[in-house]
Amino acid sequence: MPMTPFSNQVMRGFPYALAAAMLCALLAPGLLKAQAPVPGTDPHELYQLAKEDLNEGRTAHALEKLKRGLAAGVGDRELEWTYRLAVAVAYDQMGKPVAALEATRRFVLALDVADGALTETWRARREGMRERARDLEGRILETFGALSIESEPSGARIHIDDAPAGVDGDLKTPFVLYLTPGRHELRLELSGRVSSSDSVDIVPGRVLARRLELERAVAKASLLVETGAEDAVVLVDGRRAGSGEHVSLELEPGLRTVRVEREG
């Protein structure tokens, strides 16, 4: 489900303290069922250690543990949502609103995908984080501009100025990025498709939308010509294609005329 830009209006009704309170409530006995630990890591224990770091102000340490748990795969859908919520709170606590907004959108998107399976409690948490995203976006757009990116097909990796987009470098379409004002180079990559690129001019406080189509890549055919002579010349469809004893070529599929010439 595409994430559309939130309103520019600054919403102050969802303070950071409420987001932190959500995390405390998530650890109530019986709320999260015990799961088999990921090899080398117990996701529940790792989360508890991250929570202790957050409570003690060791936010960077907490964030490292949370990301490690997500990368390993927590093995439980509700626990994964809890991890994602904690990541958003950690970035917020570190004073990184752009990263906090990205993490908040990831949390909301994860719950949107599982909308039919959400309990009322999780629905309430999702709506709370939607409001938090509005608040963050309102503050961010005072100095940043937004770029709403979609692609056909979706799931393309996003690159900005030749660097993978996002705090973890793994953002895919559709997504909304917040960039510094000025010109940026956008490139989308998807396996089996031709990369698509565009230049975008970002203006503070404005949302710019881009939708790029990625054409299907044409498969290449391989041709190896063994001439048996170093001074032999290979021509394909009347054009010189190489020379030497072994000439390896990549060509568009189809019928080709190959000619080998040698002086004398």
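Modeller: Strands in what follows are DSSP runs of E of at least two residues, helices are runs of H or I of at least four, and both are numbered from the N terminus. The model is a predicted one.

Colleague: In the loop between which strands is the place of D237, and does D237 count as buried, partly exposed or exposed?

Modeller: D237 is not a glycine, yet its phi is positive, at about 55 degrees. Its place is in the loop between β9 and β10. Since partly exposed covers the range between 20% and 50% relative accessible area, the 43% relative accessibility of D237 makes this residue partly exposed.

Colleague: β9 and β10 belong to an open sheet of three strands, so which strands stand at its edges, each with a single partner strand?

Modeller: The order in this sheet is β10-β9-β12, and the pairing is antiparallel. The outer strands each have a single partner and therefore one side without a neighbour in the sheet, and these edge strands are β10 (239–243) and β12 (258–261).

Colleague: Within that pairing, which residue in β10 is the bridge partner of L235?

Modeller: Strand β9, residues 233–236, is joined to β10 by four bridges, and the two strands run antiparallel. In β10, L235 has as its bridge partner R240.

Colleague: Strand β2 also has partners, so how many bridges join β2 to strand β5, and how many join β2 to strand β3?

Modeller: β2 (residues 157–160) runs antiparallel to β5 (residues 182–189), and R157 stands opposite E189 in β5. β2 also runs antiparallel to β3 (residues 163–164), where I160 is paired with A163. The number of bridges from β2 to β5 is four, and from β2 to β3 it is two.

Colleague: In the hairpin that β2 and β3 form, what is the phi of D161 in the turn, and what is the phi of D162?

Modeller: Two residues lie between β2 and β3 in this hairpin, and D162 is placed in the loop between these strands. D162 is exposed because its relative accessible area is 64%, against a cut-off of over 50%. The phi of D161 is positive, about 55 degrees, and that of D162, also positive in a residue other than glycine, is near 65 degrees.

Colleague: Which residue does a cis peptide bond join to E152, and to which residue does the cis peptide bond from T173 run?

Modeller: Most peptide bonds are trans. In the loop between β1 and β2, the cis bond from E152, with omega of about 0 degrees, leads to P153. In the loop between β3 and β4 (175–179), the cis bond from T173, with omega near 0 degrees, leads to P174.

Colleague: The backbone oxygen of which residue lies 2.5 Å from a polar atom of the side chain of S151?

Modeller: S151 is in strand β1, residues 145–152, and counts as buried because its relative accessible area of 5% is under 20%. Beyond four places in sequence, S151 touches several residues, among them T173, L188 and R211. The backbone oxygen lying 2.5 Å from its side chain is that of P153.

Colleague: With the side chain of which residue does the side chain of D53 make a polar contact?

Modeller: D53 lies in helix α2, residues 43–55, and is buried at a relative accessible area of 6%. Leaving aside neighbours within four places in sequence, the contacts of D53 include R58, H61 and K65. D53 and K65 stand twelve residues apart in sequence and 9.3 Å apart from C-alpha to C-alpha. At 2.8 Å, the polar contact of the D53 side chain is with the side chain of K65.

Colleague: Is α5 roughly parallel or roughly antiparallel to α6, and how does α4 run with respect to α5, parallel or antiparallel?

Modeller: The axes of α5 (residues 97–113) and α6 (residues 120–140) come within 9 Å and cross at roughly 150 degrees. Because angles over 145 degrees count as roughly antiparallel, α5 is roughly antiparallel to α6. For α4 (residues 77–93) and α5, the axes are 8 Å apart and the angle is about 165 degrees. That angle makes α4, with respect to α5, roughly antiparallel.

Definitions and conventions. Residues numbered from 1 in each chain as written. Predicted model: local features only at pLDDT ≥ 70, side-chain atom pairs only at ≥ 80, totals over all residues. Heavy atoms only, no water. Pairing = 2+ DSSP bridges. Buried < 20%, exposed > 50% of the residue type's maximum accessible area, 1.4 Å probe, protein only. Polar contact = N/O pair within 3.5 Å; in protein donor to acceptor, adjacent residues only side chain to side chain. Contact = heavy atoms within 4.5 Å. Axes fitted to C-alpha atoms, helices over the stretch in contact; angles between N-to-C directions. Parallel < 35°, antiparallel > 145°, perpendicular 65-115°, else oblique.
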